[in-house]
Amino acid sequence: MTAPARGAAGKPPGRSGRPATAARTTQPDPDNQSWASTPAVRARMQRQPTRDTAPELRLRRALHAAGLRYRVDAPPVPGLRRRADIVFGPAKVAVFVDGCFWHGCPRHGARIPHANPGYWTGKVALNRGRDADTDRQLAAAGWLSVRVWEHEDVSAAAQLVADTVRTARNAQPAA
Ligand SMILES: [Zn+2]
């Protein structure tokens with residue numbers, strides 16, 4: 001494990017000061033003002049890594065700009081104890097923005113911290129099993145799941161979601 005270089009006392013750590021074990025995307029992003037903008041926000045995100053992350057906020061903004069309306073962090077199906085990040089009720093489409101690290105994305109998910117690797121692989125395996133189970137339960141209730149990796153291009157992801165929602169709406173019987 002390589003610790004950030006010491007020195008520069010009193011200087012706040014910048015992007016390059018992140019621990020080497022962080023598994024976030026590192027591509028420069030013109031739209032990342034909200035990404036852990038304060039220590040308090042960062043701390044909250046670390047406690048709740050699946051709620052209101054920057055990739056999720058970006059996707060929500062793009063979907064809203066495309067004229068779509070949705071619920072946020074809501075249970076798609078009453079009685080089903082699972083929440084989706086973005087829920088399109090009438091269309092029955094549930095969108096999940098999966099964090100690369102916690103959900104084990106093929107590009108970034110293998111960067112397991114050196115400390116206690118068994119714990120981390122166990123957590124990721126649990127999350128993945130739960131994700132698959134959520135998709136099965138939603139499908140059984142007539143819902144479509146759309147899963148987007150946090151590293152994915154936001155306009156491509158928004159397009160996929162918008163297309164899925166429109167197709168699903170057309171497939172619904174008229175209310
Ligand atoms: Zn990724």
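Reader: Which residue in the turn of the S2 and S3 hairpin has a positive phi?
Author: Keep in mind that this is a predicted model. S2 and S3 form a hairpin, and four residues sit between the two strands. In that turn, the residue with a positive phi, about 60°, is lysine 92.

Reader: What is the bridge partner of isoleucine 86 in S3?
Author: Strands of a sheet pair through backbone hydrogen bonds, either parallel or antiparallel. S2 and S3 go for the antiparallel sense, with three bridges. Look across from isoleucine 86 into S3 and the bridge partner is valine 95.

Reader: Is S3 largely enclosed or left open, and which residues cover its two faces?
Author: Six of the six residues of S3 are buried, so the strand is largely enclosed by the rest of the structure. In a regular strand the side chains alternate between the two faces of the sheet. Here one side has Val93, Val95 and Val97, and the other has Ala94, Phe96 and Asp98.

Reader: Which strands stand at the edges of the sheet?
Author: It's an open sheet of four strands with mixed pairing, in the order S1-S2-S3-S4. Each edge strand has a single partner, so one side of it is left without a neighbour in the sheet; those strands are S1 and S4.

Reader: And by how many degrees are neighbouring strands turned against each other?
Author: Take the average over neighbouring strands of this sheet and ignore direction. The turn then comes out at 30°.

Reader: Which residue in S4 does alanine 94 stand opposite?
Author: S3 and S4 pair in the parallel sense, over six bridges. Across from alanine 94, in S4, you'll find serine 145.

Reader: At about what angle does H4 run to S4?
Author: H4 lies across three strands, namely S2, S3 and S4. Against S4, the helix runs at about 175°.

Reader: What span should helix H2 have, and which helix do its buried residues pack against?
Author: H2 covers residues 54-65, twelve in total, so at 1.5 Å a residue it should span 16 Å, and its end C-alpha atoms are indeed 16 Å apart. Its buried residues include Leu59 and Leu63. They pack against strands S1, S2, S3 and S4, plus one helix, H4.

Reader: Where does pLDDT stay under 50?
Author: The protein averages a pLDDT of 77, and 68% of the residues score at least 70. Where pLDDT is low, the predicted coordinates should not be read in detail. The stretch that stays under 50, with 25 contacts beyond four places in sequence, is residues 1-38.

Conventions. Residues numbered from 1 in each chain as written. Predicted model: local features only at pLDDT ≥ 70, side-chain atom pairs only at ≥ 80, totals over all residues. pLDDT = per-residue confidence, 0-100. Contact = placed C-beta atoms within 7 Å. Expected span 1.5 Å × (residues − 1). Buried ≥ 20, exposed ≤ 12 C-beta atoms within 10 Å, placed from the backbone. Pairing = 2+ DSSP bridges. Axes fitted to C-alpha atoms, helices over the stretch in contact; angles between N-to-C directions.
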